[in-house]
Amino acid sequence: MEKITSFTINHLKLEPGVYVSRKDKYGDAVITTFDLRMTTPNKEPVMNTAEVHTIEHLGATYLRNDPEFADKTVYFGPMGCRTGFYMLLAGDYSSKDVVPLVTKMFEFIRDFRGEVPGAAPRDCGNYLDQNLGMANWLANRYLNNVLYNIDEKHLVYPE
């Protein structure tokens, strides 16, 4: 079997950033998959499931309510390795194109207080596995360490 694209990225050189993971064509439409890498793979601890779950709920809620990107949002969810998230948007975008969107989304996550959207037994299959405090902290860390001063090195996958 052929190795899938995400397994061809050198995770020994990968740092937190905003990367185009792939672009897929469906007829005339393009779906851009972004790698929102929040932790350094294989060098620092991965995020725990509770905070990943909370970031997923808040990030998906934010994107699907964003005036410009609500109708372009295909998916937002965690990577299995728990080092970041995938964001799929309908359209042909570069990493630089979405940094303002990702920044606003993580500011929303950092500043969110109250009941996590969808964290109820009727709405979620594991509603108790949430950690808003750590989700706020991780969003703030990603903003300060990556998004607010992002450079080209953290917008393009390493060789």
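Let me start with Ser21, which lies in strand β1, and I should say at once that what we are looking at is a predicted model. Ser21 has a relative accessibility of 10% and therefore counts as buried, the cut-off being 20%. If we leave out residues up to four places away in sequence, Ser21 touches Thr5, Thr33, Phe34, Asp35, Tyr86 and Tyr157.

Stepping back to the chain as a whole, we have three helices and four strands, and from the N terminus on they follow the order β-β-α-β-β-α-α. The radius of gyration is 15 Å, close to the 15 Å that the globule rule gives for 159 residues, so the chain is as compact as a globular protein of that length. The C-alpha trace spans about 40 × 40 × 35 Å along its principal axes, and 45% of the 159 residues count as buried. As for the contacts between residues at least 6 apart in sequence, 68% of them join residues at least 24 apart.

Now to the interior. Which residues of the largest nonpolar core touch the most other members? That core has 34 residues, and the ones in question are Leu36, Ile55, Met87, Val102, Met105, Phe106 and Tyr142. The elements that contribute two or more residues to this core are β2, at 29-37, α1, at 49-63, β4, at 84-90, α2, at 95-111, and α3, at 132-145. The largest share, seven residues, comes from α2, and that is the helix I would like to take next.

For α2, with its 17 residues, a rise of 1.5 Å a residue leads us to expect a span of 24 Å, and the end C-alpha atoms are indeed 24 Å apart, so expectation and model agree. The helix nevertheless bends by about 25 degrees at Leu101. The buried residues of α2 are Ser95, Val98, Val99, Leu101, Val102, Thr103, Met105, Phe106 and Ile109, and as a group they pack against β1, β2, α1, β3, β4 and α3. It helps, in reading such a list, to remember that an α-helix has 3.6 residues a turn, so residues three or four places apart point the same way.

Two residues of α2 deserve a closer look. Leu101, where the bend sits, has a relative accessible area of 3% and so is buried. Neighbours within four places in sequence aside, Leu101 is in contact with Tyr62, Leu63, Asp66, Phe69, Met87 and Leu89. Leu101 also lies 9.3 Å from Glu68, C-alpha to C-alpha, although the two are 33 residues apart in sequence.

The second is Thr103: is this residue of α2 buried or exposed? Its relative accessibility is 12%, so Thr103 counts as buried. A polar atom of the Thr103 side chain lies 2.8 Å from the backbone oxygen of Val99. Again setting aside neighbours within four places in sequence, Thr103 is in contact with Leu143, Leu147 and Tyr148.

That brings us to α3. Here 14 residues at 1.5 Å a residue should span 20 Å, and the end C-alpha atoms are 20 Å apart, so this helix agrees with its expected span. What caps the N-terminal end of α3? The cap is Asn131, with a side-chain oxygen 3.4 Å from the backbone nitrogen of Gly133. Within the helix, Leu132, Ala135, Asn136, Leu138, Ala139, Tyr142 and Leu143 are buried, and what covers them includes β1, β2, α1 and α2. Tyr142, which I named among the core residues touching the most other members, is in contact with Gly17, Val18, Leu36, Arg37, Met38, Val102, Phe106 and Leu147, once residues up to four places away in sequence are left out.

Finally, a word on two loop residues and their backbone. Asn42, in the loop between β2 and α1, has a phi near 65 degrees, a positive value in a residue other than glycine. With a relative accessible area of 65%, Asn42 is exposed. Arg82, found in the loop between β3 and β4, likewise has a positive phi, near 60 degrees, and is a residue other than glycine. Arg82 is partly exposed, its relative accessible area being 28%.

Notes:
Residues are numbered from 1 along each chain as its sequence is written. This is a predicted model: local features need pLDDT of at least 70, side-chain atom pairs count only at pLDDT 80 or more; totals for chains, interfaces and linings use all residues. Side-chain values use heavy atoms; hydrogens and water are left out. A nonpolar core is a set of buried Ala, Val, Leu, Ile, Met, Phe, Trp, Tyr and Cys residues joined through side-chain atoms within 4.5 Å. Buried means under 20% relative accessible area, exposed over 50%, partly exposed in between (1.4 Å probe, protein chains only). Contact means heavy atoms within 4.5 Å. The expected span of a helix is 1.5 Å times one less than its number of residues. A polar contact is a pair of N or O atoms within 3.5 Å; within protein, one must be able to donate a hydrogen and the other to accept it, and residues adjacent in sequence count only if both atoms are side-chain atoms. The bend at a residue is the angle between axes fitted to the seven residues ending there and the seven starting there. The radius of gyration is taken over C-alpha atoms; the globule rule is 2.2 Å times the number of residues to the power 0.38.
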